[in-house]
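Welcome! Here are some short exercises for getting to know a structure step by step. Have the sequence and the 3D view at hand, and try each task before you read its solution.

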Amino acid sequence: MDGTAGEAPISYELRGAVAVLGLNRAEKRNAISDRVIEAIAEAVQRAEAEARAAVIFGYGDHFCAGLDLGEHVSKSALEAVRGSRRWHAVFGQMERGTIPWVSALHGAVVGGGLELASSTHIRVADSTAFFALPEGQRGIFVGGGGSVRTARLMGAHRMADLMLTGRVVSADEAERWGVVQYLVPRGEALDKALALAEAAAGNAEMSNYAVLNALPRVQDMSSEDGLFVESLMSSLTSATPEAEERLRAFLEKRAKRLEIPKEGDR
Ligand code: 1HE
């Protein structure tokens with residue numbers, strides 16, 4: 001995560017089946033400008049076309065300092081709402097697209113940076129990561145999906161605390177809150193994220209699609225509707241040739257078994 005990768009605001013690399021995106025504006029702490037959001041949009045589209053999972057990380061000492069305040073300061077209300085809706089579209093494509101996203105977090109994960117991380121499916125933080133929503137201090141409100149996604153991750157009451165008081169949350173607290181699923185030592189977030197993305201890339205594509213698109217929608221439904229949709233999704237994934245081959249591979253002992261935890265770890 002040291003250094004930068006040339007002039008482009010986003011670096012893009014395909015490592016096997018995993019697309020790796022780097023926020024490449026370390027001199028501005030990877031703040032997201034209109035140019036950056038369009039570069040993310042392009043990279044997301046490319047990743048969906050050629051990868052089976054993706055990782056996003058930030059160059060320099062921070063993952064992302066959020067919205068580019070220098071650009072935002074001179075925007076009209078209409079320009080601001082257009083910008084917010086564009087973030088929603090781009091982050092929505094990540095959250096409910098066709099491939100799983102893993103974010104590797106370190107340093108500042110604040111404002112729009114936290115909203116971006118909230119759009120990924122798995123968050124890995126190293127011990128330097130910290131989380132904040134300083135929108136209140138800047139006189140603005142979240143606009144990148146935070147009131148929906150970040151509020152659901154940490155709970156609206158915790159998000160209100162962050163926004164009202166300027167509280168900064170450590171990586172450790174974020175893990176306890178369930179905001180990040182993995183906490184790793186300093187400098188190890190990207191490697192861990194890559195390993196997790198590779199694992200997810202090995203799943204059946206339709207199973208991953210169901211996790212990305214049915215699971216979050218079911219959370220918005222009544223229990224009865226949720227169970228109904230689950231059955232439909234379940235039969236749809238089972239009816240694919242890939243599912244049949246994977247089931248047969250297990251039955252014929254060609255598939256890898258689950259690793260059974262040792263007794264001391266249970
Ligand atoms: C920026 C931004 C930015 C840094 N927009 N330029 N986000 C915030 O309110 C967080 C603001 N940033 C910070 O609190 C700090 O920069 C950090 C804690 C992240 C890092 O501190 P540090 O000491 O390493 O860097 P710095 O000296 O503060 O910043 C280095 C440069 O990056 C400096 O520019 P320079 O030209 O003077 O070198 C900063 O101005 C610039 N910079 N952050 C623009 N965010 C869709 S709605 C979402 C709403 C939000 O995201 S609100 C939260 C915005």
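**Exercise 1.** Find which atoms of Glu27, Lys28 and Arg138 approach the ligand's oxygen atoms.

Solution. Start with Glu27: one of its backbone N or O atoms is 3.4 Å from an oxygen atom of the ligand. This is a polar contact, a pair of N or O atoms within 3.5 Å. Next take Lys28, where a polar side-chain atom is 2.6 Å from a ligand oxygen atom. Finally, a polar side-chain atom of Arg138 lies 2.5 Å from an oxygen atom of the ligand.

Before going on, note that this is a predicted model, in which local features need pLDDT of at least 70 and side-chain atom pairs count only at pLDDT 80 or more, while totals for chains, interfaces and linings use all residues. Residues are numbered from 1 along each chain as its sequence is written, and side-chain values use heavy atoms, leaving out hydrogens and water.

**Exercise 2.** Describe the shell around the ligand: how many residues surround the ligand, and which are the closest?

Solution. Count the residues with a heavy atom within 4 Å of the ligand: there are 23, and the closest are Lys28, Ala65, Leu67, Gly112 and Arg138. Then sort the shell by type, which gives nine nonpolar, seven polar and seven charged residues. Here Ala, Val, Leu, Ile, Met, Phe, Trp, Tyr, Cys and Pro count as nonpolar, Asp, Glu, Lys and Arg as charged, and the others, Gly among them, as polar.

**Exercise 3.** In what order do the six strands of the open sheet lie, and which stand at the edges?

Solution. Strands are DSSP runs of E with at least two residues, numbered from the N terminus, and two of them pair if DSSP finds at least two bridges between them. Reading across, the order is 1-2-3-4-6-9, with mixed pairing. Strand 1 (10-15) and strand 9 (182-184) are at the edges with a single partner strand each, so one side of each has no neighbour in the sheet. Now look at one pair: strand 1 and strand 2 (residues 18-23) are antiparallel, joined over six bridges. Within strand 2, Val18 is the bridge partner of Arg15.

**Exercise 4.** Which strands form the open sheet of three?

Solution. The order is 5-7-8, again with mixed pairing. Strand 5 and strand 8 (169-170) are the edge strands, each pairing on one side only. Strand 5 runs parallel to strand 7 (residues 130-132) over three bridges, and Val109 stands opposite Phe131 of strand 7.

How values were computed
Helix = DSSP H or I, 4+ residues; strand = E, 2+ residues; numbered from the N terminus. Polar contact = N/O pair within 3.5 Å; in protein donor to acceptor, adjacent residues only side chain to side chain.
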